[in-house]
Amino acid sequence: MSTTKTPQVNEVNEFLEIASDFEDPLEVIRESLSNSYDAGATEVEITIRDRPIGSEIVIEDDGEGMDHADLESFFDLGNSTKRGRQNGSIGYKGHGTKIFYKSEEVLVNTTKNGTNLRAQMDQPWEKLNNRTMPEYVLNEEAVKEGNSGTHIRITGFKSGHGFSPASLTYNKIEHYLKWKTLAGSTGHFFTDDFPEMEITVTLGDEIDDTRDQLVMNNKLEFPTEQRNPGEGQFSESRMCKHYPPRELTVETENGTKTTVEVVGMVGGKDARNELPTYGKHSAQFGVWLAKDHIKVERVNDTISHDNEFLHFFFIANCQDLELSANREKIRNKSSPVYQAIVEELSHYLSKIASDPWFKDYLSHRRKAKLTRRAESQQSSIEKREQRIQDRNRFTPSNDAEVVLGLERSNRFGAEPEITVEDYDPSAEVNALVRQDTNLYASSIHRRLTDHFKADKPLESVDKIVCWSYGDRDELSELERSGYHSGEVTIDLENDRLIYNNGRRHNIHIVTVQDRL
Amino acid sequence: MESRSEQFKNDIFEISAEAGDARSGVLRIGDTELSTPNLLPVVNFYAGGTDASLYGGGIHRTIKEFMNGDEVVNGGDYSRYFDGVMTSVASLTDYGISRERYEDYISEPIRERDVFDFDGTLFLDSGGFKFLGDSRLDGSDFEVEVDQEAIVEIQRKLGGDVLVNLDRPIAPDDDYPTRVEKARLTAQNVDEFLNLTSRDDTRYLTLHGYNYSMLDTFLSEVEKVIGRDRVHREFDGVALGSLVPLKDNKEKLITAVSDCREVLADWGFEELPLHVLGISSSAIPLLAAVGADTFDSSSYIHSAINGKYDTSLYNSEPVDDVDFSKCDCQVCSDDVLVKRMEGDAEYQKDKLGAVAMHNLIIQKEEIQRMQSAIQSPGDGELISYIEQSLGREKSMQQHAHRVVNESLGGYF
Ligand SMILES: [Zn+2]
C-alpha cells in the first residue's frame with residue numbers, strides 16, 4: 001500500500017524565518033521603493049522618526065495603489081502578484097514586504113479605482129514569536145475616482161544590533177539608497193522610456209537635524225567626465241572617464257544565452273568623492289553585479305589584480321542572476337550562467353584596463369604617488385674593498401660616489417669648478433651645487449638615464465650631474481616618447497637637455513667622467 | 001626627386017589592403033608569388049641527405065615527402081602549404097657533414113632538383129645567429145670559413161629567391177657600445193653582400209633592435225658604412241632579427257615590430273616587405289596586426305618532435321590523447337595518416353611527420369584567416385578576428401587589447 005504525502009509548512013515559523021533575515025530599517029525602505037516603483041509611482045516620500053514609543057517609518061507614494069488581491073499578496077507569503085507595469089517588476093517572491101512584520105504595528109492605507117483600503121496589523125512580531133499568525137483588520141471605503149496611492153506606516157521596527165533608526169544620518173541614507181536600492185538604478189542607461197521617480201527622505205530632527213530633507217531621483221549618475229589631468233600635485237585626482245552602456249552577450253557552455261548590461265566609469269579620488277559615498281571607498285567601488293539594475297554584490301576579481309579596483313565603478317546588470325530572499329546575495333553562483341557572466345566581465349574589463357586613457361591616468365597617478373626614497377646601498381665591506389681593487393680607475397658604484405668624483409675633478413682642476421653644497425639622497429631634487437657664485441638645484445645620478453628611471457621631475461632641476469650618459473638609445477626613446485607629458489630634447493654635444501612641458505626648461509648636464 | 005620606380009628597382013611587393021597597421025598584399029619574386037601576411041615553414045633541405053636521395057633525416061624527410069606529395073605519405077597534394085619556404089645556410093651545421101656531401105648538397109639549386117617538386121618561394125637566411133660564436137661551418141672532417149662571401153655562394157648555389165646578408169644579431173643585455181659595434185660589423189657584411197649580389201637578386205637587409213631608437217641607431221650605422229644612396233636603393237625587403245630571445249615576451253615583440261615599421265616609415269622604406277625572423281605561432285597574429293608581412297617558423301616541427309599536436313595557434317594536446325576526428329585538415333582526414341599518428345607506424349618520423357604537417361596546416365589556416373580579415377573593408381573584421389582568436393586566451397588578452405588600441409583605433 002502506498003500513500004502520497006505533502007510536506008507541511010509551518011506558516012508561523014516561515015514568516016519568522018524570512019523576517020529575521022532583515023535587520024536594517026533601511027531594508028524596509030529598499031522594499032518599499034521597489035513596491036512603489038512597481039506601482040508606477042512618480043513620487044515617493046519617506047519619513048523616519050525616532051519617538052519615545054519606538055521608531056516610525058512612513059512611506060507614501062502616488063502609485064496606482066492596491067486592491068484586495070494586491071493587499072493580500074502584500075501580507076501573504078510567496079504570493080507576489082508582480083503587477084508592475086513592465087515585465088521588469090522588482091518584487092521577488094513577495095518576500096520583501098515580510099520585513100514589515102518585524103514591528104509593533106503595520107498600517108497600510110491605499111487607494112485604487114475609487115476604493116480605499118485600510119489594513120491594520122497589531123503586534124505582528126510579538127504574535128509570531130508567540131507562535132500565532134498575526135491578523136489584520138481591513139476597512140473599505142469608497143472614494144473619488146482618480147485618486148490613488150499608498151501610505152504605509154511601520155511603528156516600532158525591531159532592528160538588529162546596531163541598526164536602529166537613531167543611528168541614521170542623511171549621508172548614510174543617501175549612500176544606502178544610491179548604492180543598494182533602485183535609487184541608484186542604471187536602468188536609464190539602457191532604455192529610452194525609463195520611469196523616473198522622485199524620492200524624498202525626511203528624518204526627524206531627533207535623528208539628524210543637519211538638513212530638512214533629502215531629495216533624489218532613481219538614476220545613478222556618474223561624476224562629469226574630465227579626461228585630462230588637472231593642476232597641482234595630484235593632477236589625476238579629478239580625472240574621470242565614462243564607459244558608455246554596452247550589452248554583452250554571454251553564452252554558456254550548454255548554449256544558453258543571456259545579456260549583461262554594463263556601464264561604468266574610471267576616476268580619481270576627487271571624481272569618486274562626487275558620488276554619494278559613506279565610509280570606506282574600498283567597500284564601495286569596483287565591479288558590481290546587479291539585478292533589476294540594483295547593485296547586489298561585487299566581483300572585483302574581474303579586474304586583474306595589477307589594477308586596483310578602487311578606480312573602477314562598474315555596474316553589470318543581468319536578469320539571469322538569482323537573488324537570496326533578502327536580495328543581499330546572489331544565489332546561483334555555482335550555475336554555468338554565473339560563471340559565464342563573470343568570465344565575460346573579466347574580458348570586458350581587461351579592455352578598459354588596456355584603454356590608453358586608463359594607462360595615461362595611471363601614469364599621472366604614479367607620478368603623484370612618487371615616494372621620496374633614498375637609495376640605500378647595502379654591500380659588505382669586503383665586497384667594496386674588492387671592487388676598489390678590481391677597478392683600475394675611479395668609477396662610482398652609487399650616486400654618492402658621483403659626488404666624490406665631482407669633488408675629485410675639482411681638485412684635479414676641471415673647469416668650471418662645481419661644488420656640492422647640500423646633498424640629500426632622499427629628496428626629490430637631491431643636491432644643491434655651486435658654480436661660480438650661484439646655487440643650482442641639481443639631480444645627481446650615476447647615469448643620466450637613471451634620472452628618468454627614478455621618475456624624477458625635470459621642471460625644478462637646473463643641472464643633472466652624472467658619471468656617464470648610459471644607453472643612448474634609451475635617451476633617444478625618451479626624446480621620442482616624451483617624459484612626464486613634456487618633450488625632451490637632449491643635446492649631448494652641448495651638454496644640454498631641454499624639457500618643454502608648456503614651459504621651456506634648460507638643464508645643464510655635467511658628465512663627471514669627462515672631467516676626470 | 002627620383003620617381004618611385006627608380007627608387008625601387010623591382011616592385012616585388014604590392015599591398016592590396018590595409019587594416020590599421022596591418023597589410024595584405026602579394027610578394028612577386030621571380031616566377032613565384034606569395035600572398036601576405038604569410039608564414040614560411042622552415043624546411044631543412046639537407047637533413048643528412050645523400051645524393052641517392054636528398055631525403056635523409058627523420059621528420060625532416062617526412063616533411064619533404066609531404067612537400068612532394070609522395071606515395072609514402074599517401075600521395076596527397078600539400079603544395080599549397082609550401083607556397084613559401086625558409087631555409088637557412090646554418091641548417092648544414094646541424095649534421096656532421098663531410099666535405100663531399102657538402103659539395104654535393106650545394107651542387108644543384110633546390111628547385112631544380114629532380115627529387116623535388118617544389119615551386120614556391122625560397123627564402124635563404126644567412127644563419128647569422130648560428131655562426132655568432134665561432135664563424136665556422138663545422139663538418140666532420142672539414143671546415144668552411146663562414147664569411148659573407150661564402151654565405152652568398154651557398155645561397156646562390158641552393159637557388160634562393162630571397163637572399164639575406166650575414167648579420168650579427170644583438171642580445172637583450174648588450175649595452176649600447178656592443179650594439180653599435182655589431183651594427184658596424186653587420187654593415188661591413190652588408191657592403192660586401194651588395195657587391196657580391198646584383199639588382200637582379202632579391203635582397204633583404206637585416207635589422208636588429210628592440211625599439212625605435214635601437215633600430216634607428218642600427219640603420220644609421222649601416223648608412224655610415226654603405227652610404228645613404230645605397231641604403232635607400234638597393235634593398236627589396238627588410239628582415240627584423242634578434243627577436244628569438246624575446247619570443248616569450250609578447251609585449252616586447254610587439255614593440256619591436258611596431259617600432260620597426262615606424263623606423264622604416266621614417267627612413268622612407270614603408271613600402272618594403274617586412275620579414276620577422278624566427279618568431280612563430282602564437283605571436284603571428286599580433287605581429288601581423290602591427291605590420292609584419294612574413295614570418296618563418298619551425299615550431300610546427302618542434303611541437304611535433306615533442307609529441308605536441310596543435311589544436312590552435314595557442315594550444316596543443318599530447319598526440320597520444322588526440323581525437324583526430326575533431327580536425328578536418330587534410331592530414332586528419334586521411335585514414336592512413338591518422339593510423340600513423342595513432343601509433344601504427346614503423347618509425348617515429350612517420351608518426352610525428354604527419355603531426356608536424358597537421359601543425360603546419362593549423363598555422364597556415366590561421367594566417368589565411370588573418371589575410372581575409374585584413375582584406376575585408378574597414379578595421380572591424382580584423383578587430384573581431386583578434387578578439388575571437390587572441391582575446392579569448394587569458395595569456396594573450398592584454399596583448400590583443402594593446403594591438404587593437406594602438407594599431408586599430410581602440411575600443412572606446
Ligand atoms: Zn589535422
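I took two strands as paired if DSSP finds at least two bridges between them. Helices (H or I, at least four residues) and strands (E, at least two) are DSSP runs, numbered from the N terminus.

I kept in mind that this is a predicted model, where local features need pLDDT of at least 70, side-chain atom pairs count only at pLDDT 80 or more, and totals for chains, interfaces and linings use all residues. Residues are numbered from 1 along each chain as its sequence is written, chains are lettered from A and ligands numbered from 1 in the order in which they are written, and side-chain values use heavy atoms, with hydrogens and water left out.

**Entry 1: the eight-stranded sheet of chain A**

I began with an open sheet of eight strands in chain A, and I read its order as 5-4-3-6-2-1-7-8, with mixed pairing. At its edges I found strand 5 (136–142) and strand 8 (214–217) of chain A, each pairing on one side only. On average, neighbouring strands here are turned by 10° against each other, direction ignored. Angles run from 0 to 180 degrees between N-to-C directions, and axes are lines fitted to C-alpha atoms, for helices over the stretch in contact.

Then I followed one pair: strand 3 (residues 105–112) and strand 4 (residues 115–122) of chain A are antiparallel and share eight bridges. For a handy landmark, I noted T110(A) opposite L117(A) in strand 4 of chain A.

**Entry 2: the five-stranded sheet of chain A**

Next I looked up an open sheet of five strands in chain A, again with mixed pairing, in the order 9-10-13-11-12. Strand 9 (240–251) and strand 12 (294–298) of chain A are the edge strands, each pairing on one side only. The average turn between neighbouring strands of this sheet is 25°, direction ignored.

Strand 9 of chain A pairs with strand 10 (residues 257–267) of chain A in the antiparallel sense over ten bridges. I picked out K241(A), whose bridge partner in strand 10 of chain A is V266(A). Helix 5 (residues 170–180) of chain A packs on this sheet, touching strand 11 (286–291), strand 12 and strand 13 (312–317) of chain A, and its direction makes about 85° with that of strand 12 of chain A. Contact means heavy atoms within 4.5 Å.

**Entry 3: a helix pair in chain B**

I moved on to helix 12 (residues 348–375) and helix 13 (residues 380–389) of chain B, whose axes come within 7 Å and cross at roughly 150°. That angle makes helix 12 of chain B roughly antiparallel to helix 13 of chain B (under 35 degrees counts as roughly parallel, over 145 as roughly antiparallel, 65 to 115 as roughly perpendicular and the rest as oblique).

Which residues of helix 12 of chain B meet helix 13 of chain B? I found E366(B), R369(B), M370(B), A373(B) and I374(B) in helix 12 of chain B against E381(B), L382(B), Y385(B) and S389(B) in helix 13 of chain B.

**Entry 4: where the chains meet**

Last, I checked the interface: 19 residues of chain B are in contact with 20 residues of chain A. The area buried between chain B and chain A is about 1800 Å², and carbon and sulfur atoms give 47% of that. Y176(B), S213(B) and F412(B) lose the most area to chain A within chain B, together 36% of what that side buries. Buried area is the accessible area (1.4 Å probe) that two parts lose on being put together, summed over both.
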